[in-house]
Amino acid sequence: MRTVSHHVTKIALALAVVASSLAVTASPATAAAGSVPSFGRSIEGFAPYQPQRACSRTATKGAVRLSRWLLARYRGSSSSGIMRACSAGGTSEHKDGRAFDWHVDYRSSRGRAQGLAFLKLARATDRYGNRDAVARRMGIMYIIWNDRIYSASRGFAPRAYVHPACRGKALSRCSSTLRHRDHMHISLGWAGARAVTSFWDGTVAGVGAAPHVATVKPRVAPKPKPKPKPKTKPAPKPIWPPVLDQRKYPVASLSVSPRSSAGTRTSFSLKAGTTYRLVATGYYRFGAGSRLADAACSWHRLDDAGWDRQAEETTATSRLKLTVNGATGWSSPRGSCDEQSHAYVWDYRPSTTGPVTFRVDDGNRSDDAGTLVVRVLRAGASTATYRTTLPNLSAEPAVEPMERVGTRLRGAESLTVTPAGARSTTYLAEGRRYLVRVSGTWTAGDGVEVDAECSKTPAGQWLRRRSADPLHPTADFYDLYLNGQDLRWDHGCSPTHEYGYVYEPEADGNARFAVWDTTYGDDTGSMKVDLYSLGHHGW
């Protein structure tokens, strides 16, 4: 079938940046400035977000070493500083010495090449399959450059960044400094700031906590205590239920229903101080529409976040998550949220011996449906084979046999198209070209506003791509189809919600319009479509 054309020709721009890498076999302690040490398989996780809480007058060791390393590796670049005055407004890791502003101007060819080279190096996958290996080993928390932010908490995936002072106005009216075009901002987590990560001292670090100042109280000499009389130790009580025998049961599985307020209690005990690897798979619905969640994340319906750790319309950090004895600590090697497998891992170490309870934190369970599956494995066991089985993606509007009803379109015809579809009363002739003009908006479920090409959530922005199915978040729903073809538009979203297409049918037949959606029962509104025969429209 022929593809649908448009009058405007797309111009492809390509930017190739070639960055050389240095192979170093020396230990991290003796590696030359600007070089990349060699590493083993073990690696840090993604640094969590640790905002500035207090002020400091001195730069951290990790920030100083990072600045020297960048200036040595990328000759000709310069420093825009580490520290910032505590009196300056707003929260910033510059105030506690953990952020470095690297002067690489995106508008200059050299600055752009150096910045892109570092991003490519930091986000590259190493030979062991570890994503974003150098960034994780440096302890980088996030990077901001050229209107983009790369956060460790989101797997360093690039996202649009707008400084708070620039919101509500065109980016062209915002300074290059606030847009981070004339420099790259790099913030470190506390492990990286202390330079105790594998990139700086060769050892794999944990998260690291912010420093705190303890209050020193005067020391008072304790009064001598009378010696207690020896007591007979009681016989230890038997543990019930028995501790899980992982030699006999290397994998213990249990199901968790989100509808149960009591949760699921294990029929065995876990031993205090022993590490168990927990794996959670599955998803559940907590209401109608696209209200979906898994063990660690939930789908955002009201904004453009997609799958996110923080549930909407609440500040509670555990809401909609799967908890273990009231706590949550799930992680994923695929980033903050696992949108593909919905599989999460927790190396859980109980503080007391006894059974544990798995429970979904949801204040309204009456409309919950689905099941989460938890497996208790040995410490360090492989989890690569555990994933969630997902339903198939709903089919796009199909190409139906052409029907030829009525007379041939010779001038123009207007029709109203609902999301469920519509058919023209005149037919289009094979080989002729037609102009299709679409205007108006309609409303999908969860308050999503839609036109022929773009859509907007209640608290989001107009976007070209949006999924109506959280289990297939990369699918492009809501587009307008003509006779089974997605009408292609090569520009951004129209502020007037008006679009134009040129269509040439391969056979005589009426024009059938349809919208791709998962369900049409909650759709309201319609679009106006005007069909013109270009031979009678001056084209």
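This passage walks through a predicted model of one chain, from its overall make-up to one strand. Residues are numbered from 1 along the chain as its sequence is written. Local features need pLDDT (the predictor's confidence in each residue, from 0 to 100) of at least 70, side-chain atom pairs count only at pLDDT 80 or more, totals for chains, interfaces and linings use all residues, and side-chain values use heavy atoms, with hydrogens and water left out.

The mean pLDDT of the chain is 89, with 91% of its residues at 70 or more. Confidence drops at residues 213-218, where pLDDT stays under 50 and the model has zero contacts (heavy atoms within 4.5 Å) beyond four places in sequence. Residues 1-31 also stay under 50, but for them the model has 51 such contacts.

As for the overall build, the chain has five helices and 28 strands; these are DSSP runs numbered from the N terminus, with helices (H or I) of at least four residues and strands (E) of at least two. Of its 539 residues, 45% count as buried, meaning under 20% relative accessible area with a 1.4 Å probe, protein chains only.

Now for strand 3, residues 140-145: six of its six residues are buried, so this strand is largely enclosed by the rest of the structure. Strand 3 pairs (DSSP finds at least two bridges) with strand 6, residues 184-188, in the antiparallel sense over four bridges, and isoleucine 144 stands opposite histidine 185 there. Strand 3 also pairs with strand 4, residues 148-151, in the antiparallel sense over four bridges, with tryptophan 145 opposite arginine 148. Two residues lie between the strands of this hairpin, where asparagine 146 takes a positive phi near 55°.

Conventions: Buried means under 20% relative accessible area, exposed over 50%, partly exposed in between (1.4 Å probe, protein chains only).
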